[in-house]
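Hi,

Here is the model I promised to pass on. Have a look at it first, and my notes follow underneath.

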Amino acid sequence: MSVHFEERSGVVPCKTPWGSWYQTMEEVFIEVNVPHGTSSKEVKCRLGSRDIELHVKGEDIFKGKLFDTTMSDEATWTLEDKCLIRIVLMKTNREAGNCWASLLEGEYCANAWVQDQMQRKLTLERFQRENPGFDFSGAEISGNFAGGGPDFSSLQK
């Protein structure tokens with residue numbers, strides 16, 4: 001479901017010195033630019049449920065404690081076109097209110113505007129899941145969407 005929503009609505013990336021990261025309700029995506037010609041043998045990537053580390057050609061790219069927990073047995077990394085590493089982490093908490101403020105605790109933080117846009121995107125994704133007959137991919141929202149937006153579960157249908 002998220003993939004189709006993201007394809008239609010785009011992503012809200014958080015830029016970093018090595019590339020960027022972005023998120024959906026279910027996943028966190030990390031894109032790392034590496035020197036052209038990098039081989040998979042030159043990549044050392046460890047994906048834990050609460051921590052992550054990436055080394056390329058013997059250099060530390062990042063290492064630390066993730067902002068929140070993930071399902072390590074569902075995490076993957078790929079090397080694309082010998083110049084881009086893509087890491088996909090599956091969030092343990094898959095609620096719209098679980099918007100990561102940073103990739104690692106205290107590092108690679110989203111600025112206030114990016115954080116706001118990420119939370120809006122997750123709220124719209126939640127609305128899309130709750131209302132599959134509607135298309136929220138181009139919708140704009142305003143008001144209180146922090147924490148996943150308003151709770152309509154108590155309204156009668």
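**Strands and sheets**

One open sheet has three strands in the order E4-E5-E6, paired in the antiparallel sense. Before going on, the small print: this is a predicted model, where local features need pLDDT of at least 70, side-chain atom pairs count only at pLDDT 80 or more, and totals for chains, interfaces and linings use all residues. Residues are numbered from 1 along each chain as its sequence is written, and side-chain values use heavy atoms, with hydrogens and water left out.

Back to that sheet. Its edge strands are E4 (43–47) and E6 (59–65), each of which pairs on one side only. On average, neighbouring strands here are turned by 0 degrees against each other, direction ignored (axes are lines fitted to C-alpha atoms, for helices over the stretch in contact, and angles run from 0 to 180 degrees between N-to-C directions). Strand E5 (residues 51–56) is antiparallel to E6, with six bridges between them, and Val-56 has Glu-59 of E6 as its bridge partner. As for terms, two strands pair if DSSP finds at least two bridges between them; helices (H or I, at least four residues) and strands (E, at least two) are DSSP runs, numbered from the N terminus.

Then there is E2, which has antiparallel partners in E1 and E3. Strand E1 (residues 14–16) pairs with E2 over three bridges, and a hairpin of two residues joins them. One of the bridge pairs here is Lys-15 with Ser-20 in E2. E2 and E3 are paired over five bridges, in a hairpin with three residues between the strands, and Gln-23 is partnered by Val-28 in E3.

How many of E2's residues are buried? Five of five, so to speak a mostly covered strand, where buried means under 20% relative accessible area, exposed over 50%, and partly exposed in between (1.4 Å probe, protein chains only). Both of its faces are covered: Gly-19, Trp-21 and Gln-23 are buried on one side, Ser-20 and Tyr-22 on the other.

**Salt bridges**

I also went through the charged pairs. Side chains of opposite charge can pair when their charged atoms come close. The structure holds nine salt bridges, each defined as a side-chain nitrogen of Lys or Arg within 4 Å of a carboxyl oxygen of Asp or Glu.

One of them runs from Arg-129 to Glu-26, with 3.2 Å between the closest N and O atoms. Arg-129 sits in helix H2 (residues 112–130) and Glu-26 in the loop between strand E2 (19–23) and strand E3 (27–33), so this pair ties together parts that are 103 residues apart in sequence. Both ends are partly exposed: Arg-129 has a relative accessible area of 27%, and Glu-26 comes in at 24%.

Arg-129 also forms a salt bridge with Glu-125, where the closest N and O atoms are 3.5 Å apart. These two are four residues apart in helix H2, which means about one helical turn separates them. Glu-125 is buried, with a relative accessible area of 1%. Glu-26, Glu-125 and Arg-129 are thus linked in a network of salt bridges.

Among the nine salt bridges is also the pair Arg-86 and Glu-80, at 2.8 Å from N to O. Arg-86 is partly exposed at 22% relative accessible area, and Glu-80 is partly exposed too, at 26%.

Cheers
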